[in-house]
Amino acid sequence: MPILPIQKRRIILAGVVWFVMLAVLPTPIFSNEKIAVVRHAIPEFRDISVWKMRPGLTRFSPDGRFLAVSGKTADVVIYDTELGKEVSKVDGQPFSAFSFSPDGRYMVGQRRGDQALYIYETESGTLIREVRGMGKVGSLSKAMGGAGLINELNGIFNPLTVLEMGRAPVSNDWKNVLINKNDREFAIADFATGDHRFDVDHAKFNAGLEKAKIGLAIFGLIAGAGNAGSLLLGSASNPQFSPGGKYLLITSGNKNPTLWNMENGELMSKFTSEARIFYSRFKHDEALVATSDFDGITRTWDTSSGEAIASIGNKKEKGVVAGWNSLGSAVLVLPLGKGDLQAFDPATGALLYSFTGSAPSGTVLSDDSSMLVTVPKKNKAILFQIWNANTGELLGTVPRTKKQKPIISFKWHPNNSMIAATDGIKKNIHVWNSRGEHLMELSNTSMPMQFSRDGRLLATGGVLANTKTDTGYIWEFFTTPPPERLGQNFNRR
């Protein structure tokens with residue numbers, strides 16, 4: 001056999017080595033390389049202002065056709081996501097909550113001052129009907145984000161100010177609209193017609209008590225008593241629809257939360273507790289609900305009977321319910337003091353597993369509750385951790401760089417493959433995969449941010465390059481490799 005020239009042998013050897021490396025080594029992650037590009041700039045976007053109590057908004061319609069942003073010339077401006085052009089705008093002077101209907105045909109804005117709800121046609125911006133607010137706002141938490149927003153943020157970061165517009169208080173089946181009269185008395189209206197359905201008299205209203213409670217909450221937060229202050233602030237205006245819209249539970253800081261049937265308006269149960277209850281989380285199938293009280297004790301309740309099922313924690317080991325895992329087999333409890341996030345059996349209260357080493361100051365579940373991220377307390381070495389919510393397995397740890405602030409906003413990709421996060425209101429948004437590997441820094445961006453339901457698009461706030469002018473961006477993620485990187489196995493990340 002003839003001997004090959006030495007150069008040819010080297011080329012063949014290199015090829016064999018490269019082939020073996022591709023077969024054996026993990027698929028490379030292309031840190032800071034492009035995984036997304038700007039599809040459209042949104043010049044009408046207006047950013048968050050903490051001092052002016054102006055929340056930001058980026059929200060896609062369920063079908064991804066429209067994007068709502070906080071606007072400069074109106075509270076909310078609607079864009080066509082394919083064309084990047086303005087479609088309509090609506091103004092509530094100002095809105096504190098906003099949602100699209102499931103089919104995207106309508107949008108609902110909630111006015112901050114009197115909690116009135118306005119229903120518009122999306123494409124034309126035409127006002128269809130108004131659901132009148134029914135009383136003076138006696139709650140700072142309502143003024144900062146709409147009924148139930150503090151409950152929506154439960155177990156995450158308990159911010160003193162709400163940075164993003166909340167979701168309008170409409171049940172997930174979009175049959176019922178919640179009207180908050182005064183944090184003790186509520187009403188339910190029919191979404192389709194706007195007609196009053198029934199009143200929900202939760203408890204005797206005491207305006208003086210509510211104002212005193214808010215004052216104590218703010219004082220507690222400023223003075224450093226974060227847990228107590230956050231619980232008190234969360235006590236005002238804390239109703240929650242169940243996932244399927246069958247129930248309404250009101251946990252507004254008294255010892256008897258009330259559970260209501262949304263079909264007929266009947267009071268189903270009054271839960272009895274030894275301490276004031278502030279937070280609640282329904283199980284996905286609506287069969288159980290978990291609540292947490294001011295003593296830091298979490299309880300599970302049967303929604304059909306109103307009976308207490310299990311008790312979790314005590315006055316020395318305080319916690320607050322953060323949610324349920326996707327299997328519905330565990331209720332997740334966030335520690336109010338030292339300790340890790342823990343998962344408990346909802347039927348017995350027994351500890352099932354711990355998220356060992358999480359020591360969290362916040363917890364954010366993915367959309368399907370199968371995964372979560374935690375932000376550890378006072379740990380300057382870790383930015384956040386990624387976990388399997390059903391097992392407690394640590395999937396990834398993201399290191400924290402020197403002088404980097406803690407993350408203040410997370411958004412999960414709908415299929416759990418990515419996480420978008422930022423460590424400041426004016427800081428660039430970064431994207432990581434679900435193993436905690438950094439994928440890309442999105443230049444000139446800022447919160448708020450939101451993925452479209454299909455995960456193809458991400459809307460962000462931001463600035464024009466090299467200027468201070470507010471703008472917004474629609475980013476599109478690659479579904480096929482960019483031409484210049486076809487040889488780098490981009491799709492295999």
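**Exercise 1. Strand β3 and its partners**

Task: In this predicted model, find how many bridges join strand β2 to β3 and in which direction the two strands run.

Solution.
Step 1. Strand β2 covers residues 58-60, and 3 bridges join it to β3. The two run antiparallel.
Step 2. For an example of a facing residue, take Thr58, which stands opposite Val69 in β3.
Step 3. The connection between β2 and β3 is a hairpin with 5 residues between the strands. Gly64, in the turn, has a positive phi of about 80°.
Step 4. On to the next strand: β4 (residues 76-80) is joined to β3 by 5 bridges, and this pair also runs antiparallel. Phe66 has Asp80 as its bridge partner in β4.
Step 5. β3 and β4 form a hairpin as well, with 5 residues between them.

**Exercise 2. The surroundings of β3**

Task: Decide which residues of β3 point one way and which the other way, and whether they are buried or exposed.

Solution.
Step 1. A general point comes first: side chains in a regular strand alternate between the two faces of the sheet.
Step 2. In β3, Phe66, Ala68 and Ser70 point one way, while Leu67 and Val69 point the other way.
Step 3. A residue counts as buried when its relative accessible area is under 20%. All of these residues are buried.
Step 4. Strand β3 (residues 66-70) thus has 5 of its 5 residues buried, so it is largely enclosed by the rest of the structure.
Step 5. As background for the whole protein, 54% of its 493 residues count as buried.

**Exercise 3. An open sheet**

Task: State the order of the strands in the open sheet that has 3 strands, and name its edge strands.

Solution.
Step 1. The order is β10-β11-β12, with antiparallel pairing.
Step 2. β10 (176-180) and β12 (196-201) are the edge strands, since each pairs on one side only.
Step 3. From one strand to the next, the twist averages 25°.
Step 4. β10 is joined to β11 (residues 185-190) by 5 bridges. Within this pairing, Asn180 has Phe186 in β11 as its bridge partner.
Step 5. This sheet belongs to a protein whose secondary structure comes to 5 helices and 35 strands.

**Exercise 4. Aromatic pairs**

Task: Work out why the pair of Phe95 and Tyr120 is classed as it is, from its ring centres and planes.

Solution.
Step 1. Rings pair if their centres lie within 6.5 Å, and planes over 60 degrees apart count as edge-to-face. The count of aromatic pairs comes to 13.
Step 2. The ring centres of Phe95 and Tyr120 are 6.4 Å apart and the planes stand at 75°, so the pair is edge-to-face.
Step 3. Phe95 is in strand β6 (residues 95-100) and Tyr120 in strand β8 (residues 117-121); the pair links distant parts of the chain, 25 residues apart.
Step 4. Phe95 is buried at 1% relative accessibility, and Tyr120 is buried at 7%.
Step 5. Another edge-to-face pair is that of Phe355 and Trp387, at 5.5 Å centre to centre and 85° between the planes. Phe355 lies in the loop between β24 (351-354) and β25 (360-365), and Trp387 in strand β27 (residues 382-388), so this pair ties together parts 32 residues apart in sequence.
Step 6. Phe355 counts as buried at 0% relative accessibility, and Trp387 counts as buried at 1%.
Step 7. Phe95 and Tyr120 also belong to an aromatic cluster, which they form with Tyr118.

Conventions:
Residues numbered from 1 in each chain as written. Predicted model: local features only at pLDDT ≥ 70, side-chain atom pairs only at ≥ 80, totals over all residues. Heavy atoms only, no water. Pairing = 2+ DSSP bridges. Helix = DSSP H or I, 4+ residues; strand = E, 2+ residues; numbered from the N terminus. Axes fitted to C-alpha atoms, helices over the stretch in contact; angles between N-to-C directions. Buried < 20%, exposed > 50% of the residue type's maximum accessible area, 1.4 Å probe, protein only. Phe/Tyr/Trp six-rings, centres within 6.5 Å; stacked < 30°, edge-to-face > 60°.
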